[in-house]
Amino acid sequence: MPGNEPAHCTVIAELARAETLQLAEVVTIDHGTYMPITYIITAAARAGAEVVIAPDLAHFGTGYTAMTLACGLLVPTGLIPRRPQRS
């Protein structure tokens, strides 16, 4: 969600520090980002991330369900764990 990137980055850094996670990369998307959920999942996979950190679940809309198939999602309200993929 563009518009308040510095505050969003602060929340992300604070969540990482609180959970003793190493922050590998901060990915910024905007309204022009093509397939933003896919872009974030690809960046997470490239970085070897186990968890994606976001300042708010609203950043993903219903796309958070796709995100949790790839890795966990940490937001201020807590961790949404990675969901196992069905065979």
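**Two helices, a pocket and the chain between and beyond them**

On the side of α1 away from its buried residues, Pro-6, Arg-17 and Ala-18 are exposed. These assignments, like everything that follows, come from a predicted model. The helix itself covers residues 5-18. Its 14 residues should span 20 Å at 1.5 Å a residue, and the end C-alpha atoms are indeed 20 Å apart, so the expected and computed lengths agree. The opposite side of the helix has another character: His-8, Ile-12, Leu-15 and Ala-16 are its buried residues. Viewed down the axis of α1, these buried residues fall within an arc of 100°, so they line one face of the helix. The background to this pattern is general: an α-helix has 3.6 residues a turn, so residues three or four places apart point the same way. The cover over the buried residues of α1 includes β1 and also β2, the latter at residues 72-75.

Beyond α1 comes Thr-20, whose phi is positive, near 50°. Thr-20 has this positive phi although it is not a glycine. The residue belongs to the loop between α1 and α2. Thr-20 counts as exposed because its relative accessible area is 73%, and the cut-off for that class is over 50%. Two other residues of the loop deserve attention. Ala-24 is found in the loop between α1 and α2 and is exposed as well, with a relative accessible area of 59%. Met-35 also lies in this loop. Met-35 is not a glycine, yet its phi is positive, at about 45°. With 42% relative accessibility, Met-35 counts as partly exposed, a class that runs between the limits of 20% and 50%.

The second helix, α2, takes in residues 36-47. Its 12 residues reach 16 Å from the first C-alpha to the last, close to the 16 Å expected at 1.5 Å a residue. Which residues of α2 are buried? They are Ile-37, Ile-40, Ala-43 and Ala-44. These residues cover an arc of only 130° around the axis, which puts them on the same side of α2. Packing against the buried residues of α2 are β1, at residues 51-53, and α3, at residues 64-70. The face of α2 turned away from the buried side carries the exposed residues Ala-45 and Arg-46. After α2 comes Gly-48, which has a positive phi near 70°.

The largest pocket also involves these elements. About 660 Å³ of space lies within this pocket. Its lining consists of 29 residues, and those nearest its centre are Glu-25, Val-26, Val-27, Val-52 and Ile-53. Helices α1 and α2 and strand β1 each supply at least two residues of the lining. By residue type, the lining divides into 21 nonpolar, five polar and three charged residues.

Further along the chain, attention turns to α3, the helix that holds Thr-68. Is Thr-68 buried or exposed? Its relative accessible area is 1%, so Thr-68 is buried, given that the class requires a value under 20%. Leaving aside neighbours within four places in sequence, Thr-68 is in contact with Leu-73, Ile-80, Pro-81, Arg-82 and Arg-83.

The segment after β3 supplies two exposed residues for comparison with these positions. Strand β3 occupies residues 78-80, and Arg-86 is found in the segment that follows. Arg-86 counts as exposed because its relative accessibility is 84%. From Thr-68, Arg-86 is 18 residues away in sequence and 13 Å away in space, C-alpha to C-alpha. Gln-85 lies in the segment after β3 too, and at 55% relative accessibility Gln-85 also counts as exposed. Two C-alpha distances help to place Gln-85. Its C-alpha atom is separated by 6.4 Å from that of Leu-69, although the two residues are 16 places apart along the chain. From Ala-24, by contrast, Gln-85 is 61 residues apart in sequence and 25 Å apart in space, again C-alpha to C-alpha.

Terms used
Residues numbered from 1 in each chain as written. Predicted model: local features only at pLDDT ≥ 70, side-chain atom pairs only at ≥ 80, totals over all residues. Heavy atoms only, no water. Helix = DSSP H or I, 4+ residues; strand = E, 2+ residues; numbered from the N terminus. Expected span 1.5 Å × (residues − 1). Buried < 20%, exposed > 50% of the residue type's maximum accessible area, 1.4 Å probe, protein only. Arc of directions from axis to C-beta. Contact = heavy atoms within 4.5 Å. 1 Å grid on protein atoms, 1.4 Å probe; cavity = no way out; pocket = protein on both sides within 12 Å on 5 of 7 lines; lining within 4 Å. Points joined across faces, edges and corners; volume = space filled by probe spheres on them. Nonpolar A, V, L, I, M, F, W, Y, C, P; charged D, E, K, R; others polar.
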